[in-house]
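Here is a walk through one protein chain, written for someone meeting it for the first time. Have a look at the fold, then read on.

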Amino acid sequence: IVMLITEKLLANRELVNNKPLFIALDSNGQQSKTLGYSDFIAQTLALAAWLNAHGYKKAVLAYGPGTDFIISFYACLFAGVIAVPLPDITEGKLEDDLQKLNAIGDDIGECILLTDEQAYQLLQSQSGLHKNISNIIDTATLSTFEPQHPLPVLKADDIACLLYTSGSTGPPKGVIIRHKDFYYNAASLAEACAFTSASIGVSWMPQYHSFALVFNALLPAYSAGTMILLAPYTFIAQPYRWIHAISEYRATHSAAPTFGYLQAARNCTDEQLEGVDLSSWQVGLIAAEPIKSFVFDTFFKRFASNGLESEFLKPLYGLSETGPISCVRQQQAPFFKSENTRAQSLSNACLGSAFTDTNIVCVNPDTRQICADLEVGEIWVSGPSVSSGYWRNDDINEQVFNQSLATIPGNFFRTGDLGYLWNNELYITGRLKEILIINGKNHAPQEIEWAVQQVSPLLANNATAAFSVATREGEKIILAQEITAEIADTPANIDTIYRAILQAAYR
């Protein structure tokens, strides 16, 4: 029987009473707000009752970092209001924020905007808000609201949330997330990374991001654990604050994209790490970007003397349309396979096996046949947490959702990612749209870029781009590489490196 995450939260309150659920830290790493289970649920239910009494059906959530967003998110879940999380609205990017807000208002129809005081003041002075956004509410100003009527009975298939894509490559698309999807996301992630009631998490990931929503907000509520929250800009400005929070709170779990681990490893000074003890850190989830072996090596070498276990980093795979769906399990070591030249040359991380009841296959997109082990294909996914589609977007839905394989009728989602399976474990190699087709052959730009980066330490790190352009002779590959001043000052070096790059690219 599928529970709802709201039911699990209420059940956990009976077990843990008012143990801390969320602890928000300020930019100095000091506690700015602590919410126990009982207090969090009381505030959440009060806002849910207010939403219910006013008959709202959809709410855009645009908050700065902290607990107010999570209270509003759960209030929407309890009230049966469709939540639409967005980044916080700030003065510096107000024009872009308004543009996205209006595009989403146009897409979802009548809604309200729940926000904090800062965004409320900014938007009150704006006359160009979309007509579908009927009201702006600073939820901090709402007095305690006693429910006059019982909250609605929720069903597992009810829409809980619309997660909008960035819109960087086209109009934003709203991924439909149902109540059952959120429950499955939390349950499967908790099982994979062994997050329990004794676990303490730390996160600086932006709360509106799909994986952060699961890790920051759903995982502790499901498991009756505790989550420590830092603002993303606190981490960017002072990466050591993340490491200090893990040490101070004896955290067991944290998660970040690849760049976060590299940022911390490269920017924390010896002075900042004095007295830091990371021996409590059991699982560091790593996702959202290509995961290379040097990230593991760099991070571990920097923090090994602070008590880190070498095998604590666990790669994970997922998308907004699926939630997290595969992970190197808590009891496994993260590893980089070298059974074939592709894995060896790219140092691709194993992303683990699919979560329970989820099916991941690699497919030839032209024949719709399942690829053999180690054969690269498009990654297709089916399972209980796969979205039912994009909001009001039938044309795209028909192309990517509920797809059938040549031999299996079905409900597969086409991710657009390329990868392969080995021993039922997933490896990513790139994106289908990025494939370069030269003389009828497919070339992954990531493979060319990786080969070139190995040519010389004098090449600027992670500063290679391979792409194709149309010419009269057909498609040609263009390779852009940033060079260091040491090369630029020595013409002989340039010629040597140039020849080595050509050889690596054509290999």
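Helices and strands here are DSSP runs, helices of at least four residues and strands of at least two, numbered from the N terminus. With that in hand, a loop is easy to place: Thr367 sits in the loop between β16 (359-363) and β17. Keep in mind that the model is a predicted one.

**The chain as a whole**

The protein chain comes to 16 helices and 23 strands. It has 507 residues, and 53% of them are buried. Take the contacts between residues at least 6 apart in sequence: 68% of them join residues at least 24 apart.

**Back to that loop**

Is Thr367 buried, partly exposed or exposed? Its relative accessibility is 42%, so Thr367 counts as partly exposed. Follow the sequence on for 38 residues and you reach Leu405, yet the two C-alpha atoms are 8.6 Å apart in space.

The strands on either side of this loop belong to a sheet. What is the order of strands in this open sheet of four? Reading across, the order is β16-β17-β18-β19, and the pairing is antiparallel. β16 and β19 (425-431) stand at the edges with a single partner strand each, so one side of each has no neighbour in the sheet. From one strand to the next, the twist averages 50°.

Zoom in on the β16 and β17 pair: five bridges join these antiparallel strands. Within the pair, Ile360 stands opposite Val381 in β17.

**A salt bridge inside the sheet, and others elsewhere**

A search of the whole structure turns up eight salt bridges. Three of them are set out below.

| Pair | N to O distance |
|---|---|
| Glu14 and Arg13 | 3.7 Å |
| Lys155 and Asp158 | 3.9 Å |
| Glu378 and Arg414 | 2.7 Å |

Let's start with the pair in the sheet. The side chains of Glu378 and Arg414 meet in a salt bridge. Glu378 lies in strand β17 (residues 377-382) and Arg414 in strand β18 (residues 413-422), so this pair ties together parts that are 36 residues apart in sequence. Are these two residues buried or exposed? Both Glu378 and Arg414 are buried.

Now for the other two pairs. Glu14 has a relative accessibility of 63%, so it counts as exposed, while its partner Arg13 is partly exposed, with a relative accessible area of 26%. Lys155 is exposed as well, at 54% relative accessibility. Its partner Asp158 is partly exposed, with a relative accessible area of 23%.

**A strand with cover on both faces**

Next stop is strand β12 (residues 283-287). Why can this strand be called largely enclosed by the rest of the structure? Because five of its five residues are buried. In a regular strand, side chains alternate between the two faces of the sheet. For β12 you can check each face in turn: Val283, Leu285 and Ala287 are buried on one side, and Gly284 and Ile286 are buried on the other.

Who are its partners? Strand β11 (residues 253-257) pairs with β12 in the parallel sense over five bridges, and Ala255 has Leu285 as its bridge partner in β12. Strand β13 (residues 313-319) also runs parallel to β12, joined to it by three bridges. There, the bridge partner of Leu285 is Lys314.

Helices take part in this region too. β11, helix α10 (residues 258-267) and β12 make a right-handed β-α-β unit. β12 then goes on to make a right-handed β-α-β unit with helix α11 (residues 293-303) and β13.

**The nonpolar cores**

In soluble globular proteins, nonpolar side chains tend to be buried together. The largest nonpolar core in this model has 118 residues, and those with the most contacts inside it are Leu51, Tyr74, Trp242, Ile243 and Phe299. Which residues does Tyr74 touch, leaving aside those up to four places away in sequence? Its contacts are Ile5, Leu9, Phe40, Thr44, Ala217, Leu218 and Ala221. Apart from the largest core lies another one, of 23 residues, with Leu98, Leu101, Leu113 and Leu162 among them.

Note on methods. Residues are numbered from 1 along each chain as its sequence is written. This is a predicted model: local features need pLDDT of at least 70, side-chain atom pairs count only at pLDDT 80 or more; totals for chains, interfaces and linings use all residues. Side-chain values use heavy atoms; hydrogens and water are left out. Buried means under 20% relative accessible area, exposed over 50%, partly exposed in between (1.4 Å probe, protein chains only). Two strands pair if DSSP finds at least two bridges between them. A crossover is right-handed if, with the strands pointing away from the viewer, the path from the first strand over the helix to the second runs clockwise. A salt bridge is a side-chain nitrogen of Lys or Arg within 4 Å of a carboxyl oxygen of Asp or Glu. A nonpolar core is a set of buried Ala, Val, Leu, Ile, Met, Phe, Trp, Tyr and Cys residues joined through side-chain atoms within 4.5 Å. Contact means heavy atoms within 4.5 Å. Axes are lines fitted to C-alpha atoms, for helices over the stretch in contact, and angles run from 0 to 180 degrees between N-to-C directions.
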